[in-house]
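Got your viewer open? Let's take a short walk through this model, one selection at a time.

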Amino acid sequence: MLNGVILTLFVVVSLFLVLLVMIQTGKGGGLLGGGSSQSVFGSSTADVLTKATRVTAILFIILSLFLSFLFAKKEDKLMPETAPTLTAPPEETKSENNTPTTTPAPNAAPAAPATTP
């Protein structure tokens with residue numbers, strides 16, 4: 001149960017961090033507009049967003065480290081190891097003099113197929 005709660009909290013913090021980063025105005029303008037948003041909301045809004053992003057990023061790092069230690073159990077494995085069952089192929093029986101059973105006739109011309117006109 002604790003794993004599910006922490007994992008859900010981690011997903012929420014991750015999405016919130018993405019949202020905070022995207023609504024901030026940077027040198028490029030940000031998601032919701034250009035530099036005019038600072039003059040509308042005041043200069044303290046940028047400080048609040050920066051602090052909220054910093055706290056959320058620290059919480060993200062702490063939760064990810066905690067989850068990595070929580071799910072890194074030695075006895076639980078994704079794929080259990082199985083002992084390989086390799087068997088040797090059956091050995092061919094060899095004749096004692098190592099000669100082939102059929103020998104081709106030396107200098108024998110191949111037989112031409114019989115054709116009937």
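Before you click anything, one term: pLDDT is the predictor's confidence in each residue, on a scale from 0 to 100. You need it here, since this is a predicted model.

Start by coloring the whole chain by confidence. The mean pLDDT comes out at 75, and 56% of the residues reach 70 or more. Now select helix H1, where confidence is highest, at 92. Then jump to helix H2, residues 36-41, where confidence is lowest, with a mean of 51. Where pLDDT is low, don't read the predicted coordinates in detail.

Go back to H1, which covers residues 2-23, and pick out Met-22. Is Met-22 buried or exposed? Something in between: Met-22 counts as partly exposed because its relative accessible area is 40%, and the in-between class lies between 20% and 50%. Add Val-18 and Val-21 to your selection, and together with Met-22 you have a nonpolar surface patch of about 260 Å².

Next stop: Thr-53, in helix H3 (residues 44-70). With a relative accessible area of 14%, Thr-53 is buried, because the cut-off for that word is under 20%. Which residues does Thr-53 touch, leaving out those up to four places away in sequence? Show Leu-17, Leu-20, Val-21 and Gln-24, and you have them. Val-21 is also one of the residues in the patch you just selected.

Last, select residues 52-72. UniProt, in an unreviewed entry, labels this span "transmembrane region". The span is 90% helix and 0% strand, and its end C-alpha atoms lie 30 Å apart.

Note on methods
Residues numbered from 1 in each chain as written. Predicted model: local features only at pLDDT ≥ 70, side-chain atom pairs only at ≥ 80, totals over all residues. Heavy atoms only, no water. Patch = residues over 30% accessible without salt bridge, like charges linked within 9 Å, V, L, I, M, F, W, Y side chains within 5 Å. Areas by Shrake-Rupley, 256 points an atom, 1.4 Å probe, with all protein chains shown as cover. Salt bridge = Lys/Arg side-chain N within 4 Å of Asp/Glu carboxyl O. Helix = DSSP H or I, 4+ residues; strand = E, 2+ residues; numbered from the N terminus. Buried < 20%, exposed > 50% of the residue type's maximum accessible area, 1.4 Å probe, protein only. Contact = heavy atoms within 4.5 Å. UniProt positions renumbered as here; feature names shortened; annotations may be inferred.
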